[in-house]
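The following exercises are to be worked through with the sequence and the three-dimensional structure at hand. Each task is followed by a solution in steps.

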Amino acid sequence: PTPVITDSPSSLTCNGTRIYTYTYKDCANLEFVWTYTYTISVPDLTPEADGGREVPCVEDANGHVVPTLTDACSRSYTGVQNGEPVVAVTNGAGTVTYNYTYTDCKGKTYPWKYVYTVVPNAFTAPADGTENVTCKSAISEPTKPIITVCGTTINLVADSPIDEVVDGCGKYTYTYKYVVNGTNYTWNYVYNVEPEDFLANMPADVTVTVACTSAVVAPELPEVKDACGRVLTPVSSSVGEMPLCEGSVAYTYTYEDCAGHTHDWVYTYNIVKSAPVIASDGFETSKNISCIDDATDPTPAMIPEAKNSCNEVVTPTMVRTTDWSGGKTNCTGKIIYTYTYEDCGKSSVWTYTYNLNDNVKPTFNAISPLTVNCSAADRDATISTWLNGVTATDNCGTPTVTNNYASLSLPAS
């Protein structure tokens with residue numbers, strides 16, 4: 001006979017029964033029913049062990065394969081993800097869990113999960129930056145390093161720069177702070193500022209000529225700048241020894257920048273004196289006299305004043321000389337007073353001259369006549385005594401009177 005198949009439930013896809021009913025008839029047309037029943041009880045699924053692996057980044061927590069389960073009837077089951085993955089990651093470490101549910105034909109559910117354990121890779125912070133510059137004006141905000149962790153660019157937050165530049169030298173530091181996986185980091189960029197030599201900015205040395213030591217004074221200093229344009233002031237100075245008369249005096253100023261470059265600026269006075277200047281206008285330089293006794297030393301009022309290049313009065317030295325050439329000593333000639341004004345080896349001369357011409361003859365004084373006896377024994381003595389009594393008067397004092405009586409030959413009577 002052909003069986004009648006009865007399923008319970010009617011749509012038998014899992015557990016249930018399937019009855020095969022066979023009906024037999026005999027010749028009397030009597031029916032005899034025989035059944036054969038299958039009771040279907042599908043075994044539970046056997047889920048695989050939960051899965052998982054270690055990853056360095058949350059972003060890497062994907063790409064796993066969800067296993068397919070097969071029941072005893074070779075039916076395949078795919079796990080269904082339960083919502084979004086559960087992320088339990090703090091400071092870059094933790095877990096990301098994907099939960100799945102398998103439901104078999106009986107409606108029984110089986111959980112399965114895949115867990116990513118996030119263990120961040122060791123972070124190597126970028127090295128600090130440094131740069132040497134010659135001037136502070138060359139400093140600018142540096143280019144920050146690009147730090148990427150697990151595909152995310154880390155934000156570097158700037159602190160206030162640290163300015164340690166003093167007098168043009170020192171460090172200028174830019175500081176940036178950032179956080180990676182809960183750890184605080186700092187990145188610095190340091191500018192080392194050191195100027196170049198400022199020799200090209202040094203003014204030329206100066207030399208001036210003056211006539212007097214009183215003109216030697218500290219000079220006005222020039223403006224000296226370092227290689228970055230900063231005005232420098234001398235760190236030391238010296239003055240040469242003042243000469244007694246002529247010579248040189250050097251004022252030396254030493255300039256130094258913060259980097260230790262040093263250069264001198266020298267201001268030199270050359271002291272060159274001129275001969276004293278005699279103010280002789282209006283002063284007589286000669287006088288005519290007829291008697292040598294009138295050749296007296298000129299009085300101070302007769303002598304002109306002389307001043308040196310410092311406008312100081314110079315006292316002269318005087319030398320008296322005579323010139324009897326072409327004349328007669330103490331009668332006809334010149335009496336010369338030479339005044340020499342000397343200062344620092346340079347001299348000027350002024351002379352005063354007496355022109356002597358004694359052309360006034362002496363005048364004999366009157367004498368009483370003498371009468372003698374030519375035969376007298378004392379005749380010659382009497383005459384000689386009388387002649388020796390003759391006197392004369394001169395414009396230059398008392399002249400000497402001589403006679404030649406002794407050389408005469410007179411008769412005896």
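**Exercise 1.** Determine which side chain Arg 379 joins in a polar contact, and state whether Arg 379 is buried or exposed.

*Solution.* Step 1: the side chains of Arg 379 and Asp 380 are joined by a polar contact of 3.3 Å. The term denotes a pair of N or O atoms within 3.5 Å, one able to donate a hydrogen and the other to accept it; residues adjacent in sequence count only if both atoms are side-chain atoms. Step 2: Arg 379 counts as buried because its relative accessibility is 10% (buried: under 20% relative accessible area; exposed: over 50%; partly exposed: in between; 1.4 Å probe, protein chains only). Step 3: Arg 379 is placed in helix α1, residues 379–388 (a DSSP run of H or I, at least four residues).

The model is predicted: local features need pLDDT of at least 70, side-chain atom pairs count only at pLDDT 80 or more, and totals for chains, interfaces and linings use all residues. Residues are numbered from 1 along each chain as its sequence is written, and side-chain values use heavy atoms, without hydrogens and water.

**Exercise 2.** Identify the residues of the largest nonpolar core that touch the most other members, and the strand that gives the most to this core.

*Solution.* Step 1: this core has 16 residues, and Ile 139, Tyr 174, Tyr 178 and Tyr 191 touch the most other members (a core is a set of buried Ala, Val, Leu, Ile, Met, Phe, Trp, Tyr and Cys residues joined through side-chain atoms within 4.5 Å). Step 2: β16 (169–180) and β17 (183–193) each give two or more residues (strands are DSSP runs of E, at least two residues). Step 3: β16 gives the most, with 5 residues.
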